[in-house]
Amino acid sequence: MFEGVDLDVPAGGLLAAHGPAGSGRTSLLLALAGRMRLSGGAVRVGGHVLPAEGRRVRAAVAIARAAPAVALEGRLRVKEVMAERRLTGGGVTERRIREAFEAVGIAPRGTDLIEDLDPVDALLLATALALAECPGALVVDDVDDGLPPEAHDRAWQALDRVRDSGPTVLAGCVRMPPPAPGLVALSLPRRSRDRLPAETVPADRLPAAGTAVPRKDADT
């Protein structure tokens with residue numbers, strides 16, 4: 001899926017892994033979140049090393065969006081995904097969700113269907129729900145997917161506020177975001193056909209290497 005990655009994201013930083021479809025962006029983010037096993041390389045997340053401490057890494061890293069594995073169900077209403085997060089997210093409360101909405105700059109109506117939301121509002125809703133879990137790091141993929149050019153700045157400014165509120169943000173996108181303090185940009189090229197595996201490779205044999213460091217005070 002990806003190889004030859006060498007990076008260091010400081011606590012409270014913002015990673016922007018950018019590249020075209022097929023470059024391994026989503027796989028990289030899932031690997032850094034402890035959701036995809038590596039066949040080589042070393043990953044340290046907030047003092048925890050993968051894969052030996054995968055459970056601790058998964059507890060410290062929340063995933064807002066990494067389709068198709070993680071995405072909000074379009075047929076649900078905002079109030080329904082909020083209720084679901086309160087049930088499934090450890091310690092998530094109505095107050096935490098509302099504070100997260102304020103942090104990313106949205107005020108969705110509870111009766112709105114997810115599929116009817118503006119693309120940037122849907123992105124920020126998913127981000128806010130993950131932020132309400134108070135993670136050490138937060139993964140959000142396809143930041144610029146479906147967004148008109150005028151919405152890009154709003155999305156990245158919201159993610160910048162998210163990291164200011166605590167977690168390290170690990171983001172995936174097609175286009176590189178505008179320069180910002182603390183931004184770590186990683187360019188991932190599309191893999192040519194001769195570099196792709198001849199057959200499907202099991203998740204526990206995927207190659208990768210890298211480092212992501214969420215805030216240690218949020219580790220569990």
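**Exercise 1.** Find the residue that stands opposite L15 in β8 of this predicted model.

*Solution.* Go to β8 and look across from L15. The residue there is L170. Now widen the view to the two strands. β2 covers residues 14-18 and β8 covers residues 168-173. Five bridges join them, and the strands run parallel.

**Exercise 2.** Place β2 and β8 in their sheet, then name the edge strands.

*Solution.* Start with the order: β6-β7-β8-β2-β9. That makes an open sheet of five strands with parallel pairing. Next, look for strands that pair on one side only. These are β6 (61-65) and β9 (183-187), the edge strands. Finally, add the twist. From one strand to the next, it averages 15°.

**Exercise 3.** Work out which strands α1 and α5 touch as they pack on the sheet.

*Solution.* Take α1 (residues 25-32) to begin with. Its contacts are with β2, β6, β7 (137-140), β8 and β9. The direction of α1 makes about 160° with that of β8. Then take α5. This helix touches β6 and β7. The direction of α5 makes about 160° with that of β6.

**Exercise 4.** Decide how α5 and α6 are oriented to each other, roughly parallel or roughly antiparallel.

*Solution.* Locate the helices: α5 is residues 119-131 and α6 is residues 149-164. Their axes come within 10 Å and cross at roughly 5°. Angles under 35 degrees count as roughly parallel. So α5 and α6 are roughly parallel to each other. Now list the contact. α5 brings V120, D121, L123, L124, T127 and L131. α6 brings A151, R154, A155, A158, L159 and V162. Sort them by class: nine are nonpolar, one is polar and two are charged.

Definitions and conventions
Residues numbered from 1 in each chain as written. Predicted model: local features only at pLDDT ≥ 70, side-chain atom pairs only at ≥ 80, totals over all residues. Heavy atoms only, no water. Axes fitted to C-alpha atoms, helices over the stretch in contact; angles between N-to-C directions. Helix = DSSP H or I, 4+ residues; strand = E, 2+ residues; numbered from the N terminus. Parallel < 35°, antiparallel > 145°, perpendicular 65-115°, else oblique. Contact = heavy atoms within 4.5 Å. Nonpolar A, V, L, I, M, F, W, Y, C, P; charged D, E, K, R; others polar. Pairing = 2+ DSSP bridges.
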